[in-house]
Amino acid sequence: MVSAQAKGTKQVDGMVDHLLIKKVYAGMSNDELLHMSRYEGKLLTSAAITHLYQEFLKRKLDTSIFPSLRAYKVAEYQKSLQQLSQKNDIESVWVHFLDAKYKGKADQEILQDLCAMGLDYQVSYDIIHSMKAKAIELHEAHEKTVFKGLVLFLFGIGLLFINPTHINMETIASCCIILGLMKSISGLSSVVRYDRIVSHIQQPKQERLLQ
């Protein structure tokens, strides 16, 4: 029977103890590692699969099972996100937890919140692991908003130069200038916000799985 440590469920401050997993795998025989990958691979966490794969590479064992294990974990993760989105608006969930990170909430607290929503530990951990990528994605989206606002603002300025005395043109230009400024200021505020969020997120040091 494989121990909890070998399966990658051993936790330190709510996070997987990667050094312990590596040590356990290094102490197992080839047959034990092969048995685990074939019969218990789907029960492993994503981190444990990564370390198991690396141990296989060191020993030059057959790694053909790992693509299917990775595909299973990806499908499991996506299914859990779908379940989460059925209970809540997924974007609202992201905003909620990124806001918590902006306010300095610890990963462990956010992890507990996710688990309280019905997600298992590993899926909750994967969501936290994805936070930085999501924050960067939203940061880039707000940068585009700033750019669009500036374009609208400059378009309004340009309209004033075309026919500054025409009352309709002046009204349209004023609207473009005001809306452009509002969009740019709002976008810039969000860019600064997500800059701070990204700086607050410490990604778990987890090697990437198979390419």
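**Notebook: Glu-55, two cores, one helix and two cysteines**

I began with Glu-55, which I found in helix H4, residues 46-59; helices here are DSSP runs of H or I with at least four residues, numbered from the N terminus. The model is a predicted one, in which local features need pLDDT of at least 70, side-chain atom pairs count only at pLDDT 80 or more, and totals for chains, interfaces and linings use all residues. Residues are numbered from 1 along each chain as its sequence is written, and side-chain values use heavy atoms, with hydrogens and water left out.

**Entry 1: Glu-55.** I looked up whether Glu-55 is buried or exposed. Glu-55 has a relative accessible area of 9% and therefore counts as buried, a word that stands for under 20%, with exposed for over 50% and partly exposed for what lies in between (1.4 Å probe, protein chains only). Its side chain makes a polar contact of 2.9 Å with the side chain of Arg-59, where a polar contact is a pair of N or O atoms within 3.5 Å, one able to donate a hydrogen and the other to accept it, and residues adjacent in sequence count only if both atoms are side-chain atoms. Leaving aside residues up to four places away in sequence, I noted that Glu-55 touches Tyr-25, Ala-26 and Leu-33, contact being heavy atoms within 4.5 Å.

**Entry 2: the cores.** I then turned to the largest nonpolar core, which has 18 residues, and in which Leu-98, Ile-110, Met-131 and Ala-135 touch the most other members. Such a core is a set of buried Ala, Val, Leu, Ile, Met, Phe, Trp, Tyr and Cys residues joined through side-chain atoms within 4.5 Å. Two or more residues each come from H6 (90-102), H7 (107-116), H8 (121-162) and H9 (167-200), and H8 gives the most, with six. A second, separate core of 14 residues includes Met-28, Leu-33, Leu-44 and Leu-61.

**Entry 3: helix H7.** I found Asp-107, Ile-110, Leu-111 and Leu-114 buried in H7. Seen down the helix axis, the buried residues of H7 fall within an arc of 105 degrees, so they line one face; the arc is that of the directions from the axis to the C-beta atoms.

**Entry 4: the cysteines.** I looked for disulfides, pairs of cysteine sulfur atoms within 2.5 Å, and the structure holds zero. The sulfur of Cys-176 lies 7.0 Å from the closest cysteine sulfur, in Cys-175, which is too far for a bond. Cys-176 is buried at 11% relative accessible area, whereas Cys-175 is partly exposed at 42%.
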